[in-house]
Amino acid sequence: MPETYDIAIIGGGPAGLTAGLYASRARMRTILLEKAICGGQIVTTDTIENFPGFPDGIKGPELADWMLKQASHFGLEVRPAEAGGLILKDKENEPFVIELTDGARLEALSVIISTGAAWNSLGIPGEKELTGRGVSYCATCDGPIFKGKDVAVIGGGDTALEDALFLAKFAAKVTIVHRRDRFRGAKILQERVFANSKIEVCFNSVATGITGAGKCEALEIKDVKTDAARSIKVSGVFVLIGMIPNSGIFKAVIKTDSKGYILCDDDMKTSLDGVFACGDVRNKLLRQVVTAAGDGATAAFSAQHYVERIKGVEYK
Ligand code: NAP
């Protein structure tokens, strides 16, 4: 028979770890499943400077490590495992069954989905072939390899701007290619980008191909206003064009928006009673570490009350 937990949390980024902290402090028997390293996207973020309490910023992996330690300290059980499916319950006081990709199963009265989102790709010629050979989706991971070289960054959001600034510490030159005439990212990051002499900005431009013999040598771009095409010689191309939610395995049983983000109410309740969602996988205005943490706390509180209600021990 599989073990039965009060709450199972699927995904160990800041949302899931905060949910784990709150659920464990509420003395719920809680397990968190994480298929890779706990911390989610902050593990590949150099410095986080907008999480309150760290006036000089904090390294992403360090913050992830502290979050994991804090939740574990209060009794959160963390298992390296990937959820492959969710079997619904027939009666409210029965558990959900989570099928793991290694064939195991576990049961939980309530489920919190905090599976985050994955990086988008451009789908242009050369991108797939040269991934890992100059094409990258993670500046923190691969940036130092490009010391003294020219690189390009595609995108105009916070990630593109932050990572262009990070890359400028190593690279000889960073060219940001963005499809519009202004950036989407935070104004403070824009100011830093425009003030950095190593960064050149190509607005109104789209990437049309990445070329090179066995490694990235050039990025083909096109001006969307004039249709003029040109090639920029670069050793690295960082594709930083946003994310897609990791909601695939839940889509059949839980309502999502047209982009696949899980629909939730203010209490993080999904369309399925007993299942909650938090962090980047849910539909929301602002995807930040601090909002992920807030979501996680709310999801855990809602799950706690759901579990106590079906056990008949709710404090009213
Ligand atoms: P994002 O905010 O969705 O921005 C994606 C950027 O890529 C946009 O500028 C978009 O252009 C562009 N783009 C999308 N698809 C494209 C395509 N096919 N071809 C060319 N360009 C394309 O994604 P993000 O920057 O990764 O950020 C994701 C979330 O994390 C955001 O909520 C962001 O605020 C948050 N974040 C926060 C921080 C921070 O606070 N320090 C750091 C990183 C990320 P358009 O503008 O034209 O749509």
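**Close-up views of the ligand site and the domain contact**

**View 1. Residues around the ligand in the predicted model.** The shell around the ligand numbers 18 residues, of which N50, D158, T159, E162 and R180 come nearest. By residue class, this shell comprises four nonpolar, eight polar and six charged residues. Helix α4, spanning residues 158-167, makes the greatest contribution to the shell, giving three residues.

**View 2. Polar contacts to oxygen atoms of the ligand.** The side chain of R179 places a polar atom 2.9 Å from an oxygen atom of the ligand. Two further residues approach through the backbone: an N or O atom of G157 lies 3.3 Å from a ligand oxygen, and an N or O atom of R287 lies 3.4 Å from a ligand oxygen. The ligand taken alone exposes 900 Å², and the protein buries 77% of that area.

**View 3. Position of the ligand relative to the two domains.** The protein chain is divided into domain 1, formed by residues 3-118 + 243-311, and domain 2, formed by residues 121-239. Residues of the shell around the ligand come from both domain 1 and domain 2, and the ligand therefore lies between them. The C-alpha centres of domain 1 and domain 2 are 32 Å apart.

**View 4. The contact between domain 1 and domain 2.** Five residues of domain 1 and eight residues of domain 2 take part in the contact. About 460 Å² is buried between the two domains, and carbon and sulfur atoms give 42% of this area. On the side of domain 1, T44, D46 and E49 together supply 78% of the area buried against domain 2, more than any other three residues.

Note on methods. Residues are numbered from 1 along each chain as its sequence is written. This is a predicted model: local features need pLDDT of at least 70, side-chain atom pairs count only at pLDDT 80 or more; totals for chains, interfaces and linings use all residues. Side-chain values use heavy atoms; hydrogens and water are left out. A residue is near a molecule or strand if one of its heavy atoms lies within 4 Å of it. A polar contact is a pair of N or O atoms within 3.5 Å; within protein, one must be able to donate a hydrogen and the other to accept it, and residues adjacent in sequence count only if both atoms are side-chain atoms. Accessible areas come from the Shrake-Rupley method with a 1.4 Å probe; for residues, only the protein chains shown count as cover. Helices (H or I, at least four residues) and strands (E, at least two) are DSSP runs, numbered from the N terminus. Ala, Val, Leu, Ile, Met, Phe, Trp, Tyr, Cys and Pro count as nonpolar, Asp, Glu, Lys and Arg as charged, and the others, Gly among them, as polar. Domain bounds come from an automatic or database domain assignment. Contact means heavy atoms within 4.5 Å. Buried area is the accessible area (1.4 Å probe) that two parts lose on being put together, summed over both.
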